[in-house]
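Here's a quick briefing to read alongside the model. It starts with a single residue, then moves on to helix packing, annotated spans and a few other spots to click on.

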Amino acid sequence: MTTLMFILGIVVFAIGLLISIAWHELGHLSTAKLFGIRVPQYMVGFGPTIWSRKKGETEYGIKAVPLGGYIRMIGMFPPGPDGRVEARSTSPFRGMIEDARSAAFEELRPGDETRLFYTRKPWKRVIVMFAGPFMNLVLAVAIFLGVMMTFGIQTQTTTVGKVSDCVIEQSENRSKCEKGDQAAPAKAAGLQGGDKIVAFDGKAVADWSTLQSDIRANPGKDVTITVERKGEKVDLTAHLIKNQVSKTDGDGGYVEGKYVYAGFLGFTPATGIVEQSFGQSVDRMGDMMENGVESLISLPAKIPALWDAAFGDGPREPDSPMGVVGAARVGGEIFTLDIPATQQLAFFLMLVAGFNLSLFLFNMLPLLPLDGGHIAGALWEALRRNTAKVLRRPDPGPFDVAKLMPVAYVVAGIFVCFTVLVLIADLVNPVRIS
């Protein structure tokens with residue numbers, strides 16, 4: 001049964017992946033058609049076509065390898081200086097440029113001269129290329145908000161999980177009390193596991209993050225703590241002391257290896273599934289976006305550890321880069337977890353949402369062949385033309401993105417190598433969930 005659920009999780013993730021890709025390409029397709037650009041093909045996947053149907057002037061289909069997708073727009077690159085698109089060259093770099101230019105016009109039909117991608121104003125091209133990643137962002141935000149506000153997420157609560165017996169500085173890295181250790185204020189005040197803290201020093205408690213901040217901000221102060229215990233409210237008095245504790249990230253989490261001296265009560269909060277308000281959900285979405293950008297920036301620094309995990313005896317870090325195979329494997333593991341079905345669904349949806357957020361951020365990199373590279377090209381063209389207009393110089397014409405194809409091939413080669421490395425790591429030393 002476990003194996004069957006694991007396989008089912010992988011299949012469901014694959015379906016979610018295909019939907020995400022199709023949704024991304026739909027953004028490109030709809031805006032291209034809106035601006036009158038002819039789109040001969042809309043495909044989900046790569047490789048051999050396993051199904052297709054032509055509707056109007058566009059062929060819609062699914063290909064065998066579900067690792068991406070594309071729409072084919074005519075005239076992605078402008079003609080060369082001589083107005084021709086079939087010219088050949090013995091130079092390998094020049095050949096790359098001319099191959100790309102030729103492919104952009106290979107399906108040109110009479111009457112299409114006014115329906116070419118490169119003839120559209122830069123702002124329209126920006127919209128067409130941005131629409132794909134934007135669709136992934138919309139899907140990610142919708143899923144994240146839906147899950148957090150409907151199912152809730154696992155978070156630290158204001159319920160007491162465990163009360164500390166004594167005061168220990170965080171950097172000592174020990175859990176057992178020693179002779180001479182001072183009793184923890186929570187213990188001395190009579191706080192018990194299972195107590196739900198509803199008020200701190202007369203102020204209602206909304207969440208753990210706020211309660212944590214209030215405790216830390218009042219060292220040396222006697223405070224009244226109101227708890228719910230077995231259906232009744234009980235007032236306790238605690239004397240907060242100053243102690244070395246882990247530095248927080250501002251959201252209730254901790255910064256590893258960093259310590260500060262602050263007010264200390266001495267208990268561990270229980271965790272639970274808590275529905276989030278719209279405001280809390282938006283805040284968490286902002287944190288996820290920030291973490292995603294930071295992860296993308298730090299990606300090159302993680303390659304040595306990834307290599308060691310794939311080919312050496314190094315551990316696979318929890319925040320290690322993970323590819324489609326690794327994500328599918330996690331999807332399978334989610335379906336085997338011994339948790340309620342609603343939480344399995346919520347966990348799975350968060351995985352799909354995270355994948356879509358990654359697609360958005362990755363595609364916005366200003367590098368060809370990514371969407372962000374085409375956006376950067378259109379913005380550069382707008383800047384050149386507007387500058388020439390202000391300076392009353394001749395219009396420099398469209399920016400020839402095809403000239404960047406050699407760079408695009410180098411970038412694509414790097415991406416392919418990185419993808420293979422991640423694939424090997426996902427197979428031999430995968431990221432696992434607990």
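In which helix does D214 lie? D214 sits in α5, the helix that runs over residues 208-216. Keep in mind that this is a predicted model, and that the domain and transmembrane labels below come from an unreviewed UniProt entry.

**The PDZ-annotated stretch**

- UniProt puts "domain: PDZ" on residues 183-229, in an unreviewed entry.
- That span, 183-229, comes out as 30% helix and 32% strand, and its end C-alpha atoms are 22 Å from each other.
- D214 has a relative accessible area of 16%, so it falls under the 20% cut-off and counts as buried.
- Setting aside residues up to four places away in sequence, D214 touches F200 and K203.
- D201 is found in the loop that links β4 (196-200) with β5 (203-204).
- The phi of D201 is positive, near 55°, and this residue is not a glycine.
- With 34% relative accessible area, D201 is partly exposed.

**Helix pair α3 and α6**

- Helix α3 (residues 122-150) packs on helix α6 (residues 278-297) at about 135°, and their axes are 10 Å apart.
- The pair is therefore oblique, and the crossing is right-handed.
- On the α3 side, the contact uses L137, V141, F144, L145, M148 and M149.
- Facing them from α6 are F278, S281, V282, R284, M285, M288 and M289.
- Sorted by type, the residues of this α3 and α6 contact come to 11 nonpolar, 1 polar and 1 charged.

**Helix pair α8 and α9**

- Helix α8 (residues 324-334) and helix α9 (residues 341-363) pack at an angle of about 170°, with 9 Å between their axes.
- An angle over 145 degrees counts as roughly antiparallel, so that is the label for α8 and α9.
- From α8, the residues making the contact are V324, A327, V330, G331 and I334.
- From α9, the partners are Q344, F347, F348, L351 and F355.
- The tally for the α8 and α9 contact is 8 nonpolar, 2 polar and no charged residues.

**Transmembrane annotations**

- The unreviewed UniProt entry gives "transmembrane region" at residues 6-23, 126-153, 345-365 and 407-428.
- Residues 6-23 are 100% helix and 0% strand in the model, with the end C-alpha atoms 26 Å apart.
- Residues 345-365 are 90% helix and 0% strand, and here the end C-alpha atoms lie 31 Å apart.

**Two residues in helix α1**

- M5 is part of helix α1, which covers residues 2-34.
- M5 is partly exposed, at 22% relative accessibility.
- Although 328 residues separate M5 and E333 along the chain, their C-alpha atoms are 8.3 Å apart.
- Beyond residues up to four places away in sequence, M5 touches G332, F335 and T336.
- L29 is in α1 too, and is buried at a relative accessible area of 6%.
- L29 touches V39, Y42, T58, Y60 and I71, again leaving out residues up to four places away.
- The C-alpha atoms of L29 and Y409 are separated by 24 Å, with the two positions 380 residues apart along the chain.

**A buried lysine and an exposed arginine**

- K302 belongs to helix α7, residues 299-311.
- K302 counts as buried because its relative accessible area, 18%, is under 20%.
- Apart from neighbours within four places in sequence, K302 is in contact with S295, D319 and P321.
- R392 lies in the loop between α10 (371-390) and α11 (405-428).
- R392 isn't a glycine, yet its phi is positive, at about 60°.
- R392 is exposed, with 79% relative accessibility.

Technical notes
Residues numbered from 1 in each chain as written. Predicted model: local features only at pLDDT ≥ 70, side-chain atom pairs only at ≥ 80, totals over all residues. Heavy atoms only, no water. Axes fitted to C-alpha atoms, helices over the stretch in contact; angles between N-to-C directions. Helix = DSSP H or I, 4+ residues; strand = E, 2+ residues; numbered from the N terminus. Parallel < 35°, antiparallel > 145°, perpendicular 65-115°, else oblique. Contact = heavy atoms within 4.5 Å. Nonpolar A, V, L, I, M, F, W, Y, C, P; charged D, E, K, R; others polar. Buried < 20%, exposed > 50% of the residue type's maximum accessible area, 1.4 Å probe, protein only. UniProt positions renumbered as here; feature names shortened; annotations may be inferred. Left-handed = near helix turned anticlockwise from the far one by under 90°.
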